[in-house]
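Here's a quick tour of one protein model, aimed at someone who likes to poke at coordinates. Have the viewer open and follow along.

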Amino acid sequence: MMASTGAEPLYLGLDLSTQQLKATIIDSSLRIVHESSVHFDNDLPHYCTKGGAIQNPDVTGEVITPTLVWVEALDVLFAQRIPRDLVARLLAISGDGQQHGSVFWAREPTDLDPAMSLVDQLSEGKYFSVLESPIWMDSSTRAECDVLEAHVGGAQALASITGSAGYERFTGNQIAKVFRTQREAYDKTIRISLVSSFVPSLLVGRFVDIDTSDGSGMNILNIRTKKWEASCLEGLVGGNKAEAKALEQRLGENVSEWDEVAGKVSTFWVQRFGLSPDCIVTTFTGDNPATLSSLITKAGDVVVSLGTSDTLFLTLDKCNPSPEGHVLCHPVIKNGFMAMLVYKNGSLTREYIRDRCAHSSWTVLGKLVASTPPLNNGNIGFYFHVPEITPRANGIFRFRNALDDTKEPELVDKFDDATEARALLESQVVSMWLHAKKIGLSPQRVLLTGGASANPDIQKMFANVFNVNVYRPIIGSNAGSLGGAYRAAFVQRQAANPSELTYEAMLESATEPAELLASPSSDRPDYEKFAQVYGKLEQKVVELGAF
């Protein structure tokens, strides 16, 4: 970490993710000068979250986070984590929030008292109409998804408008559930924010509009017009046009582009924490778009983030959405799009198989993978340790003889450890390749991020399956908050001194080239045939593992 000198201006990026609030501060040379975080489970244990969330034992699939967790995390971050001398030098703040999560306001935060903490004021019960925010892990809104799809003409029709078919975690369907099950609270709601618009609303002391990219993950924003789609709003509120118009007003009739200034920090932040009254706050976005905004990407780049969930991103000039995956407005290219695939079975599932087959050792798992040939002697597995969304299935399924044209694939109960280890990795990587092709994949290179990107077996698997070089971008461990800091710096500079400098050019001037991790083998196996067979078996698995 490199330190700034003197009173050089600084830029803050915030990342309010599922498990923690992270902060990254950079200087005018875009060098990181400070990183810190507030971990919800460890630092705020009185909310009783696990992994930053709470599962309702009485409602299948319902997952929430108390809204006050996020409020108190901001208190702790500015009071205890970020040195006050750095806070005073901030010129701009941007950031992101976990996608799809929502906040239901009963009152605008215009009159916050700097003599009191945020959490003491906002816990009085007058600011939030719904105290427990639905988040992306929730899967309790299948009925609402079905109603919405039917109202607009089916899954393809909804995807054509909003970029995605109906997904349980998407905010529109969560709003519909609140409308149906908590009507009194809904009627008290004057504004609905995404997590990404909730934080800047607190910072500037008034409601801030939702960002176009994060708004694309709600099932209600038209990704071409960048306006709320009337038919989708109506589908959330029983077809009632008056209620749909009222919902539009609750959302805010406008959406923001990524480079807009939301306002300056309110008096609360100036007097309580010492921020400059000239510090601006820019539009925040979702955590997945923020990760993409921290990277220098071009057409043909495939960005894969390997974490608790695995996420694949593509930058697209044009879009042709289908029920497969998601298409969002691009976070920093105004007329561009980003395609996205999300897999709930990421690192936790890899760790589950590692612990079962390799004595909890990645080294042992690597040796097991190396002891088996590519294509795994025709053994193919599907590993959905938790209910999956790409595809929609649950359970673990193993097939022998899958590549033998003379035999039918045989469903079996178990593989030996070596076969299991390779089947897991091949399944996860081939699934990404197969599904990404359906949404426009034409790869030139793969950029791997996230904790599992350091695994050499995974690196080589991506190189061989995608048949391109695999790189690791040099972005540090907090891509989301770093992307926010970059956007804050760019927007503040453009607001102060407009120039022809593009955001991409600014990043290129300050970031290191990506590191080459792996290249396709000279004797690369025939993963094309493997993927065809995998796709057919996946259809069978969806039937077997329906939930």
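Two strands count as paired if DSSP finds at least two bridges between them. With that in hand, three strands make an open sheet in the order E22-E23-E24, with antiparallel pairing. Keep in mind that this is a predicted model. We'll start at that sheet, move to the helices around it, and then visit a few other spots.

**The E22-E23-E24 sheet**

- The edges of the sheet are strand E22 (380-389) and strand E24 (410-412), each of which pairs on one side only.
- On average, neighbouring strands here are turned by 40 degrees against each other, ignoring direction.
- Seven bridges hold the antiparallel pairing of E22 with strand E23 (residues 392-400).
- To find the register, look for Ile 380, which sits opposite Phe 399 in E23.
- H15 packs on the sheet and touches E22 and E23, with its direction at about 130 degrees to that of E22.
- Helix H21 (residues 527-544) packs on the sheet too, touching E22, E23 and E24, and its direction makes about 45 degrees with that of E22.

**Helix H21 up close**

- What span should you expect for the 18 residues of H21? At 1.5 Å a residue they should cover 26 Å, and the end C-alpha atoms are 24 Å apart, which agrees.
- The buried residues of H21 are Tyr 527, Phe 530, Ala 531, Val 533, Tyr 534, Gly 535, Leu 537, Glu 538 and Val 541.
- Residues three or four places apart in an α-helix point the same way, because there are 3.6 residues a turn.
- The cover over the buried part of H21 includes E22 and E23, along with helix H17 (417-438) and helix H18 (456-466).

**Where H15 meets H16**

- Helix H15 (residues 347-357) and helix H16 (residues 362-370) have axes that come within 9 Å and cross at roughly 85 degrees.
- That crossing makes H15 and H16 roughly perpendicular to each other.
- On the H15 side, Arg 350, Glu 351, Arg 354 and Cys 357 meet Trp 362, Leu 365 and Leu 368 of H16.
- Sorted by class, the contact of H15 with H16 has four nonpolar, no polar and three charged residues.

**Backbone oddities worth a click**

- As background, most residues other than glycine have a negative phi, and most peptide bonds are trans.
- Thr 390 and Pro 391 are joined by a cis peptide bond, with omega at about 0 degrees.
- Pro 391 belongs to the loop between E22 and E23.
- His 359 isn't a glycine, yet has a positive phi of about 55 degrees.
- You'll find His 359 in the loop between H15 and H16, and it counts as exposed at 71% relative accessibility.
- Asn 377 is another non-glycine residue with a positive phi, near 55 degrees.
- Asn 377 lies in the loop between H16 and E22, where it counts as exposed at 60% relative accessibility.

**Helix H2**

- The 15 residues of helix H2 (residues 67-81) should span 21 Å at 1.5 Å a residue, and the end C-alpha atoms are 21 Å apart, which agrees.
- Is H2 largely enclosed or largely open? Since 11 of its 15 residues are buried, H2 is largely enclosed by the rest of the structure.
- Among the buried residues of H2 are Trp 70, Leu 74, Leu 77 and Phe 78, and also Glu 72 and Asp 75.

**Strand E10 and its partner E7**

- Strand E7 (residues 102-105) runs antiparallel to E10, and four bridges join them.
- Trp 105 stands opposite Arg 191 in E10.
- In strand E10 (residues 191-194) both faces are covered, with Arg 191 and Ser 193 buried on one side and Ile 192 and Leu 194 buried on the other.

**Two single residues**

- Asn 173 is part of helix H7 (residues 171-181) and counts as buried, at 0% relative accessibility.
- Leaving out residues up to four places away in sequence, Asn 173 touches Thr 141, Glu 144, Cys 145, Leu 148, Tyr 167, Glu 168, Asn 219 and Leu 236.
- Glu 124 sits in the loop between helix H4 (118-122) and strand E8 (128-130), and at 45% relative accessibility it counts as partly exposed.
- Glu 124 and Ser 499 are 375 residues apart in sequence, and their C-alpha atoms are 46 Å apart in space.

Key. Residues numbered from 1 in each chain as written. Predicted model: local features only at pLDDT ≥ 70, side-chain atom pairs only at ≥ 80, totals over all residues. Heavy atoms only, no water. Helix = DSSP H or I, 4+ residues; strand = E, 2+ residues; numbered from the N terminus. Buried < 20%, exposed > 50% of the residue type's maximum accessible area, 1.4 Å probe, protein only. Contact = heavy atoms within 4.5 Å. Expected span 1.5 Å × (residues − 1). Axes fitted to C-alpha atoms, helices over the stretch in contact; angles between N-to-C directions. Parallel < 35°, antiparallel > 145°, perpendicular 65-115°, else oblique. Nonpolar A, V, L, I, M, F, W, Y, C, P; charged D, E, K, R; others polar.
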